[in-house]
Amino acid sequence: MTYRRTIILFLILILIYAGLLNSVPKPSSQNPKEPKKLFDKGKKLFYRKNYEEAAENFRKITIEFSNHQLSDDSFYWLGYSLHKLSEQLDNLDQILSTQKEALANLDILIKKFSSSTWFDDAKRLKLEIAADLVDKGFK
């Protein structure tokens, strides 16, 4: 009989523990308003010419909230932020690396979001980046 009570008590504790785990608040990355906050912060940082931090905000949206309605916007603004950041760099390797990342993100937007309002802008920005790379001696 005590064995049976021990098992029942053990099962009750497991159920209580499982219930407590489900009641723990979700991390902030699960907050449905976070992508909008990150996006707005990223744009503010961009317009303050803090391109590196702006890119971090947009990158976080593209990684953690890839199905959010701001995802395509974020890919564009990430590419644009990286392009502007590269204009502030002196090291050619860093410039090339940053521009390649910008192009990769614009490619994702173009391939994944062909009906996006940012589609044509992304194509134009890719051409601008390519022209900048050619001007800097890259082929």
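Select helix 4, residues 71–87, in this predicted model. At 1.5 Å a residue, its 17 residues should span 24 Å, and the C-alpha atoms at its two ends lie 25 Å apart, which agrees. Now show the rest of the structure around helix 4. Of its 17 residues, 14 are buried, so the helix is largely enclosed by the rest of the structure.

**Stop 1: the nonpolar core**

Which residues have the most contacts inside the largest nonpolar core? Select Tyr76, Trp77 and Ile129 to see them; the core has 30 residues. Then colour the helices separately. Helix 2, helix 3, helix 4, helix 5 and helix 6 each supply at least two residues of this core. Helix 4, where you began, gives the most, with 6 residues.

Stay with Ile129 for a moment and show what surrounds it. Setting aside residues up to four places away in sequence, Ile129 touches His83, Gln99, Ala102, Leu103 and Leu106.

**Stop 2: the aromatic rings**

Next, show the aromatic side chains. The whole structure has 13 aromatic pairs. Zoom in on Tyr47 and Trp77: their ring centres are 6.0 Å apart and their planes meet at 65°, so this pair is edge-to-face. Tyr47 belongs to helix 2 (residues 34–47) and Trp77 to helix 4, so the pair ties together parts that are 30 residues apart in sequence.

Are these two partners buried or exposed? Turn on the surface and compare them. Tyr47 counts as exposed, at 57% relative accessibility, whereas Trp77 counts as buried, at 5%.

Trp77 has another ring to show you. Add Tyr80 to your selection: Trp77 and Tyr80 form a tilted aromatic pair, 5.8 Å centre to centre with 50° between the planes. Both residues sit in helix 4, 3 residues apart, which is about one turn of the helix. Tyr80 is partly exposed, with a relative accessible area of 23%.

To see the wider group, select Phe39, Phe46, Tyr47, Tyr51, Phe58, Tyr76, Trp77, Tyr80 and Trp118 together. These residues form one aromatic cluster. Two of the names, Tyr76 and Trp77, may be familiar from the nonpolar core.

**Stop 3: the salt bridges**

Now switch to the charged side chains. Side chains of opposite charge can pair when their charged atoms come close. How many salt bridges does the structure hold? There are 6, and the tour visits some of them.

Start in helix 2 with Lys36 and Asp40. Their side chains meet in a salt bridge, at 3.0 Å from N to O. The two residues are 4 residues apart in helix 2, about one turn of the helix. Lys36 is partly exposed at 45% relative accessibility, and Asp40 is also partly exposed, with a relative accessible area of 32%.

Move on to Glu101 and Arg59, whose side chains meet in a salt bridge at 2.7 Å, N to O. This pair links distant parts of the chain: Glu101 is in helix 5 (residues 92–112) and Arg59 in helix 3 (residues 51–64), 42 residues apart. On the surface view, Glu101 counts as partly exposed at 29% relative accessibility, and Arg59 is partly exposed with a relative accessible area of 24%.

Then select Arg124 and Asp121, which form a salt bridge with their closest N and O atoms 3.0 Å apart. Being 3 residues apart in helix 6, they are separated by about one helical turn. Arg124 is exposed, with a relative accessible area of 51%, while Asp121 counts as partly exposed at 25% relative accessibility.

**Stop 4: a charged residue without a salt bridge**

Finish further along helix 6, which covers residues 119–135, by selecting Asp132. Which side chain of opposite charge is nearest to Asp132, and how far away is it? It is Lys136, at 5.1 Å. Asp132 has no salt bridge, yet it is buried. A salt bridge needs its nitrogen and oxygen within 4 Å.

To see what does lie around Asp132, show its contacts, leaving aside neighbours within four places in sequence. Asp132 is in contact with His83, Glu87 and Gln99. You have met two of these names before: His83 and Gln99 are also among the residues that Ile129 touches.

Notes: Residues numbered from 1 in each chain as written. Predicted model: local features only at pLDDT ≥ 70, side-chain atom pairs only at ≥ 80, totals over all residues. Heavy atoms only, no water. Phe/Tyr/Trp six-rings, centres within 6.5 Å; stacked < 30°, edge-to-face > 60°. Buried < 20%, exposed > 50% of the residue type's maximum accessible area, 1.4 Å probe, protein only. Lys, Arg positive; Asp, Glu negative; His and termini not counted. Contact = heavy atoms within 4.5 Å. Expected span 1.5 Å × (residues − 1). Core = buried A, V, L, I, M, F, W, Y, C linked by side-chain atoms within 4.5 Å.
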